Amino acid sequence: MTNDEKSLNFIEEIIEEDIKNGKHGGRVLTRFPPEPNGYLHIGHAKSIVLNFGLAQKYNGKTNLRFDDTNPVTEETEYVESIKNDIKWLGFEWAEELYTSDYFDTLYGYAVKLIEKGMAYVDDSTSEEIAAAKGTPTEPGKPTPYRDRDIAENLRLFEEMRSGKYPDGAKVLRAKIDLASPNMHMRDPLLFRIKHAHHHRTGDSWCVYPMYDFAHGQSDSIEQITHSVCTLEFIPHRPLYDWLIDQLEIFPSKQYEFARLNLNYTVMSKRKLLQLVNEQYVEGWDDPRMPTISGLRRRGYTPGSIRNFCERIGVAKRENIIDVGLLEFCIREDLNKTAWRRMAVLDPIKLTIINYPDGKEEMLTGENNPEVEDGEGEREIPFSNALWIEREDFMENPPKKFFRLGPGLMVRLKHAYIVRCEDFVRDTDGHVTEIRCTYLPESKSGEDTSGIKVKGTIHWVSIPHAKTVEVRLYDRLFNVENPAAESDFKATINPESLQIIEKAYVEPDLLNAISGKGYQFIRKGYFTLDTKSTSDRPVFNRTVTLRDTWAKELVKTPLL
RNA sequence: UGCCCGAUAGUAUAAUGGUAGUACAACUGAUUUUGGUUCAGUUAGUCUAGGUUCGAACCCUGGUCGGGCAACCA
């Protein structure tokens, strides 16, 4: 296989085979079918990239269909967020559709099934129905209502629809096989009574179809060619096919792939909702959440997420992806696009004793060293009083410490080489100031000093520094698979958010553009928070830079 | 103990009866005015037992392990 050829995933293989055989005239129509009862997360992104990607690749289209058959959990707020997230990811749907658009048709399908003697109204309670279904190892038994005649079933179903009965009094069930080894074929429920207000159809219905009598039928109505869903629907497939067969409608086909799991996070909507409701996080878009909106606020780009979804592949085996791969994808993206700026998060003062008091000069630094022209440059004010990072100085540095310490030299990024001559302690013995001399002939771009130094550090001129708030995020959970714990909330990382109320940044950072990524040199990638204001700028750390020095410290601790 | 799905380096994913490859991670080294980037390289894999075959990750059989299935949820 050459580099140009990319191997196909199993669904692509199926589609190519179908196209080759002229199935549906080579037409490909997929759908993305979210239930509007929560926000989209990175797992949905995998499905979105798959479904829309398949259509793009094979010259087809993708419908967006809200699977809104359960009025009690679904809300318009979720519809809006879902549409927004899909667009942000960069995809366009062919049609915006709702399963609730098909309620009339679905009702008609049910009548048709009753008329064929393939469905019946059951007055049993849900407990009775569950008991009569048997167990995986024992066949089910019929309830007393299974053999009602067609006319009576028709009349009762009509009465269910007209509101004659309270919730739970009756259900419509398919008449299939109570002894089937597949539990889903033991006379599954088709319609249930719910006197509830629906976010789109209002109060016009009090019977609502179940998933199994809505999803496949909606696929068929839309003439979806490839209905791609996750593994847990495999046992539903015989029912999916049975219903389409009995109703004699367009034969959509269902294919299942393994959903995405990411380590150190949770992916179920129920758990995410719990984190939101119980205020472990700020909301669905908290930057620690694996939601699309959370990742967006954190500073992830649509391209990085799409790329991640393509790299993880599509298969049928269960998987847990290392969140490190997601981080790799955003670093790869931001390294090429983020503008470089300097910010000091944990400051200590550095004074240049041979640089005149009150003197200042404007230095320049390219915005982006990864591209040819640097995407322009910005000015950086310099003086004899600077903030540097506290961790860039050590009183007793080891051999491989390429930063400041007594007698050591470093380059100040975009500025001069300095040598540490001295340092000052307070009465408690803490270092409060580092005193250096600088080499005037070592200025960046016009260095004639002939001196080479191993380290370069970032800095901010104290008289020119601006202050901003910086939020550092870490993984939300301390264990790889929180969902496997008896109490997943007990494994929440108490240090998942660290707020630095006063970080010093170079002045140009006040011009930061919302939505753009910035690299704080040597510290990581950051972006403006959605709640940032010009009075009080707030930056979120998207991800740190790779840090081989930190690894070195783990291998050979300094002290 | 019924039915269904699955099993390839640490994690994912290819190889579709003919040299087990790729990415991330890890580790070496080079380059570097970011301990970033980039470049070169190293380590590391077919769950198991049989069978078919000149030849099996791939086909067949048994086993083992993991996951799913009995919501008026989707």
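**Protein and RNA in a predicted model**

In this predicted model, a backbone N or O atom of Ser 124 lies 3.1 Å from a base nitrogen of RNA strand B. Helix H5 (126-132), strand S6 (189-193), H12 and helix H13 (548-555) are the elements that give two or more residues to the surface near the RNA, and the largest share, 4 residues, comes from H13. Thr 548 has an N or O atom in its side chain that is 2.9 Å from a phosphate oxygen of RNA strand B, while a polar side-chain atom of Gln 519 lies 2.5 Å from a base nitrogen of that strand.

Taken as a whole, 65 residues surround RNA strand B, the closest being Glu 13, Thr 69, Ser 444, Gln 519 and Arg 522. The residues of this surface divide into 23 nonpolar, 20 polar and 22 charged, and of the RNA atoms within 4 Å of the protein, 62% belong to sugar or phosphate and the rest to bases.

The domain assignment of chain A gives domain 1 (3-257), domain 2 (269-339 + 468-543) and domain 3 (343-458), and the C-alpha centres of domain 1 and domain 3 lie 64 Å apart.

Turning to the interior, the largest nonpolar core has 36 residues, and Ile 42, Ile 48, Ile 86, Leu 262, Ile 305 and Phe 308 are those with the most contacts inside it. This core draws at least three residues from each of domain 1 and domain 2. Among the residues that Ile 305 touches are Ile 42, Trp 88 and Leu 295. Apart from this core lies another, of 34 residues, including Tyr 109, Tyr 165, Leu 239 and Trp 242.

Methods
Residues are numbered from 1 along each chain as its sequence is written. Chains are lettered from A and ligands numbered from 1 in the order in which they are written. This is a predicted model: local features need pLDDT of at least 70, side-chain atom pairs count only at pLDDT 80 or more; totals for chains, interfaces and linings use all residues. Side-chain values use heavy atoms; hydrogens and water are left out. A nonpolar core is a set of buried Ala, Val, Leu, Ile, Met, Phe, Trp, Tyr and Cys residues joined through side-chain atoms within 4.5 Å. Buried means under 20% relative accessible area, exposed over 50%, partly exposed in between (1.4 Å probe, protein chains only). Domain bounds come from an automatic or database domain assignment. Contact means heavy atoms within 4.5 Å. A residue is near a molecule or strand if one of its heavy atoms lies within 4 Å of it. A polar contact is a pair of N or O atoms within 3.5 Å; within protein, one must be able to donate a hydrogen and the other to accept it, and residues adjacent in sequence count only if both atoms are side-chain atoms. Ala, Val, Leu, Ile, Met, Phe, Trp, Tyr, Cys and Pro count as nonpolar, Asp, Glu, Lys and Arg as charged, and the others, Gly among them, as polar. Lists of a residue's contacts leave out its neighbours within four places in sequence.
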